[in-house]
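Let's walk through this structure together, one region at a time. Have the sequence and the coordinates open as you read.

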Amino acid sequence: MSVKIDRLNNMFVEEISKIIHQEIKDKDVGFVTVTDARITNDLSFAKIYVTSLSNDKDKSIKALNKASGFIRSLLCDRINIRK
């Protein structure tokens, strides 16, 4: 991978974990850790990997999927990417 993609992967992990822990008010998310981010070479898609330490992992994942639009909009405001 290129240096730019690696740097963006790290920025995505940091910013998404900040958003999850500070901005999301949903208690169903629980304790979630963002472990990795994979961005495609053309910067059009990103896959985010998370782990959950709560008892009900399915509930945490559903809550994160429900909040994905909110996370995406905050991430767009925080990270500027030029293609």
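Helices and strands here are DSSP runs, numbered from the N terminus; a helix needs at least four residues and a strand at least two. With that naming in hand, we can place S2, which is found in the segment before α1. Keep in mind that everything here describes a predicted model. S2 counts as partly exposed, because its relative accessibility is 37%, and partly exposed covers the range between the 20% limit for buried and the 50% limit for exposed. To get a sense of distance, take S2 and V34: they are 32 residues apart in sequence, and their C-alpha atoms are 21 Å apart in space.

From there, step into helix α1, which runs over residues 3–22. How far apart are its end C-alpha atoms, and does the expected span agree or disagree? At 1.5 Å a residue, the 20 residues of α1 should span 28 Å, and the end C-alpha atoms are 29 Å apart, so the two values agree.

Now look at which parts of α1 are hidden. The buried residues of this helix are I5, L8, N9, F12, V13, E15, I16, I19 and I20. A general point helps when reading such a list: an α-helix has 3.6 residues a turn, so residues three or four places apart point the same way. As for what covers the buried residues of α1, the cover includes β1 (32–39), β2, α2 and α3.

F12 is a good residue to pause on. It lies in helix α1, and it counts as buried because its relative accessibility is 9%, under the 20% limit. Leaving out residues up to four places away in sequence, F12 touches A37, I39, A46, I48, L75, I79 and I81. By contrast with that list of contacts, here is a longer C-alpha distance to try in your viewer: F12 and F31 are 19 residues apart in sequence and 18 Å apart in space.

One of the partners of F12 is A37, which lies in strand β1. A37 is buried, since its relative accessible area is 0%. Residues up to four places away in sequence aside, A37 touches N9, F12, V13, K47 and I48. A37 and N80 are 43 residues apart in sequence, with 16 Å between their C-alpha atoms.

Back in helix α1 we also find E15. Is this glutamate buried or exposed? At 16% relative accessibility, E15 counts as buried. Its contacts beyond the neighbours within four places in sequence are L75, R78 and I79.

These pieces come together in the nonpolar core. The largest such core has 21 residues, and those with the most contacts inside it are F12, I16, I20, V29 and I71. Two or more residues of this core come from each of α1, β1, α2 and α3. The largest share, seven residues, comes from α1.

Next, turn to the empty space. Rolling a probe the size of a water molecule over the atoms shows where such space is left. The largest pocket has a volume of about 720 Å³. Its lining holds 22 residues, with I16, A46, I48, R72 and L75 nearest the centre. The elements that give two or more residues to this lining are α1 (3–22), β2 (46–52), α2 (57–66) and α3 (68–78). Sorted by class, the lining has 17 nonpolar, three polar and two charged residues.

Helix α3 is also the place of F70. With a relative accessibility of 40%, F70 counts as partly exposed. F70 touches E23 and I24, again without residues up to four places away in sequence. F70 and I19 are 51 residues apart along the chain, yet their C-alpha atoms are separated by 9.3 Å.

We can finish with a backbone detail. Most residues other than glycine have a negative phi, and most peptide bonds are trans. L43, however, has a positive phi of about 60 degrees although it is not a glycine. L43 lies in the loop between β1 and β2, and at 17% relative accessibility it counts as buried.

How values were computed. Residues numbered from 1 in each chain as written. Predicted model: local features only at pLDDT ≥ 70, side-chain atom pairs only at ≥ 80, totals over all residues. Heavy atoms only, no water. 1 Å grid on protein atoms, 1.4 Å probe; cavity = no way out; pocket = protein on both sides within 12 Å on 5 of 7 lines; lining within 4 Å. Points joined across faces, edges and corners; volume = space filled by probe spheres on them. Nonpolar A, V, L, I, M, F, W, Y, C, P; charged D, E, K, R; others polar. Expected span 1.5 Å × (residues − 1). Buried < 20%, exposed > 50% of the residue type's maximum accessible area, 1.4 Å probe, protein only. Contact = heavy atoms within 4.5 Å. Core = buried A, V, L, I, M, F, W, Y, C linked by side-chain atoms within 4.5 Å.
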